[in-house]
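Biologist: I am new to reading protein models. Could you show me how to look at one, feature by feature?

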Amino acid sequence: MSLKKCCNILTFLFIATLFITCFKEKPADMKSMKTTKNTPVLNGIDSLKIVADQKVRQYIWPKKVIWTSENTNKAKLENPDYLINTTEQQVTLEQVNCCILTNNGSSPGILLDFGKELQGGIQLLVGRMKKQTPATFRIRFGESASEAMSDIGQEKNATNDHAVRDMTVQAPWMGTVEIGNTGFRFVRIDLLDKNRSVPLIGVRAIFSYRDIEYKGSFQCNDERLNKIWETGAYTVHLCMQDYLWDGIKRDRLVWIGDMHPETMTILSVFGAHNIVPKSLDLVKHKTPLPKWMNGISSYSMWWLLIHHDWYMYSGDITYLKENREYISNLLTHLTTFIDENGKEKLNGFRFLDWPTRAEPAAVHAGLQALMTMTFKAGATIASVLDQSELEVKCENAVKKLEQYTPVPGNSKQAAALLALSGIDDAQSLNQQVMSQNGVKGLSTFYGYYVLQARALAGDYQGCLDDIRTYWGGMLDMGATTFWEDFDLDWTKNALPLDELPKAGKNDIHGDFGNYCYKGFRHSLCHGWASGPTAWLSQHVLGVKPVEPGFKAVKIEPHLGDLEWAEGSFPTPFGEIHVRHTKKADGSVKSEIETPKGVRIVK
């Protein structure tokens, strides 16, 4: 054999080995599986790792049986608890005391609770049946127990929008089948085949998520706040799928406005993850000017604001330069939507969030403020990119917009943006609008900006109280992720997510919701609702970049009624670690550890 031919063979073998090592899905038990700090491992049995895309498939067993059909001569379900206690991972010839569904004219069914919201599907393990033909099941996924028990349509508006959650499937004789790709916690399984008994060896959730480290952390003496921080982080983590989705059941889309609070949470928990620019670029490429992103003028402005914040936290000037032309053209386009009196006159779908949809005056005030914020950010970006003409254009737009001050009415959302833009006084707006009537009028999306504006007004205690009440109210209803929207009034006389409806009680999922999210269409895992996670890291831990990429950082904690708080914050140089303790005189002692390259400024 020639030397050249031998070298070619060795090269081929090396490449083949490398390919198999990187891309082969390999089973692993929990001890050998890589579990980075705070990764959401949920008592699974094993996992499959796809190294190239940071994706993990983890198997999760049900935590409890919520409901079973009544045993009759026509429908029978035996040994349902076997599905909770089993650790079977493989169908075998031997099957003892497994769960058996028998259909003698009517379908037996079972409702399982996997304990926590998940993204993915389920695996059915079916044993030996008399007939060797596949068995037919109806599978229904739900973010609540009641949703998993529902039929498509009807008065509570169950849907298969964006991700199919109600389907008929076939499972093989002595085999397994994988079903579904949606957001869920509960699964109902019904045997449809008549005159048949089917042994279920196991039902496992297939949990799909990115294997990324929780570099940021938060702990304080209030466990409710700790749980809220963790829940917000987990909500966004589930939404970090192919792109940065706003919801894992509905909608599984990249909505740019929704991305801003999600991005701030990602920067506070995971650092500068590339899913953010990847998602920004996707929508940019789908939105040639003069179109608005997602058809919404405010969302094109949020795209610019995300670029500004991304640069401040990551220091990635290369990415900013890659978008120079689009940024410049979009800012120039936006200048054409200011009238001679300094009022915004944006066209397209005029939208802030759903609760303000029916308040045109509030939407106008919010858009006026959002334009001002956008041009201020645009001036900074233009300066960084050495575009002096664009910088002047942005500064002139700000001066023009500031000539006119709209009235927010009773809208906390509009008041928050007016405060953050500098158009109106934060303390006055907080006193007159944002602090009024407790959490009434908040939304899970714009709640983040209300918190930011109240912090600007110095009302940190009011923010902590609202976080405990509003986001904590979802936890009280059994939430393991935060919702598309929420009204504290919904909780009155309502049952939590893991209980089925009862006479005289409200269904927290099916009986409420507005606009596009009525009833079961309402998403119970929406990344835009994660704002308190970013807020607690920014304001209680007090960590904020002063120079791009955290070359300089200001650490200014605000503990309110807390005795202590500690945690970490990711930067391009590594994590900043802080611990703040309130002393007897009310002052705060801070212990701070910063990585090399980060300078603390007063």
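**Reading charged pairs, folds and a helix**

Modeller: Happily! This is a predicted model. Let us start with one pair: the side chains of Lys 376 and Glu 402 form a salt bridge, 3.7 Å from N to O. This pair links distant parts of the chain, with Lys 376 in helix H10 (residues 360-384) and Glu 402 in the loop between helix H11 (388-401) and H12, 26 residues apart.

Biologist: What is the general idea behind such a pair?

Modeller: Side chains of opposite charge can pair when their charged atoms come close. Here the cut-off is within 4 Å, from a side-chain nitrogen of Lys or Arg to a carboxyl oxygen of Asp or Glu. By this rule the model has 33 salt bridges.

Biologist: Are Asp 193 and Arg 196, which form a salt bridge, buried or exposed?

Modeller: Asp 193 is buried, with a relative accessible area of 18%, and Arg 196 is buried too, at 7%. The closest N and O atoms of that pair are 3.3 Å apart. Now return to our opening pair: Lys 376 is partly exposed, with a relative accessible area of 35%, and Glu 402 is partly exposed at 36%. For another case, take the salt bridge of Lys 492 with Asp 489. Lys 492 is exposed, at 55%, while Asp 489 is partly exposed, at 36%.

Biologist: Which residues are linked in a network of salt bridges?

Modeller: That network joins Arg 138, Arg 140, Asp 151, Asp 166, Arg 188 and Asp 190.

Biologist: Let us step back. How many helices and strands does the protein chain have?

Modeller: The chain has 16 helices and 20 strands. Its radius of gyration is 26 Å, close to the 25 Å that the globule rule gives for 602 residues, so the chain is as compact as a globular protein of that length. Of those 602 residues, 56% count as buried.

Biologist: Why is helix H14 described as largely enclosed by the rest of the structure?

Modeller: Check its residues for burial, meaning under 20% relative accessible area. Nine of the ten residues of H14 (residues 447-456) are buried, so this helix is largely enclosed by the rest of the structure. Among the buried ones are Tyr 448, Val 450 and Arg 454.

Biologist: Which helices do the buried residues of H14 pack against?

Modeller: They pack against several, including helix H5 (256-269), helix H7 (297-314) and helix H15 (460-476). Look just past the helix as well: H14 is followed by Gly 458, whose phi is positive, near 85°.

Key:
Residues are numbered from 1 along each chain as its sequence is written. This is a predicted model: local features need pLDDT of at least 70, side-chain atom pairs count only at pLDDT 80 or more; totals for chains, interfaces and linings use all residues. Side-chain values use heavy atoms; hydrogens and water are left out. Helices (H or I, at least four residues) and strands (E, at least two) are DSSP runs, numbered from the N terminus. The radius of gyration is taken over C-alpha atoms; the globule rule is 2.2 Å times the number of residues to the power 0.38. Buried means under 20% relative accessible area, exposed over 50%, partly exposed in between (1.4 Å probe, protein chains only). Contact means heavy atoms within 4.5 Å.
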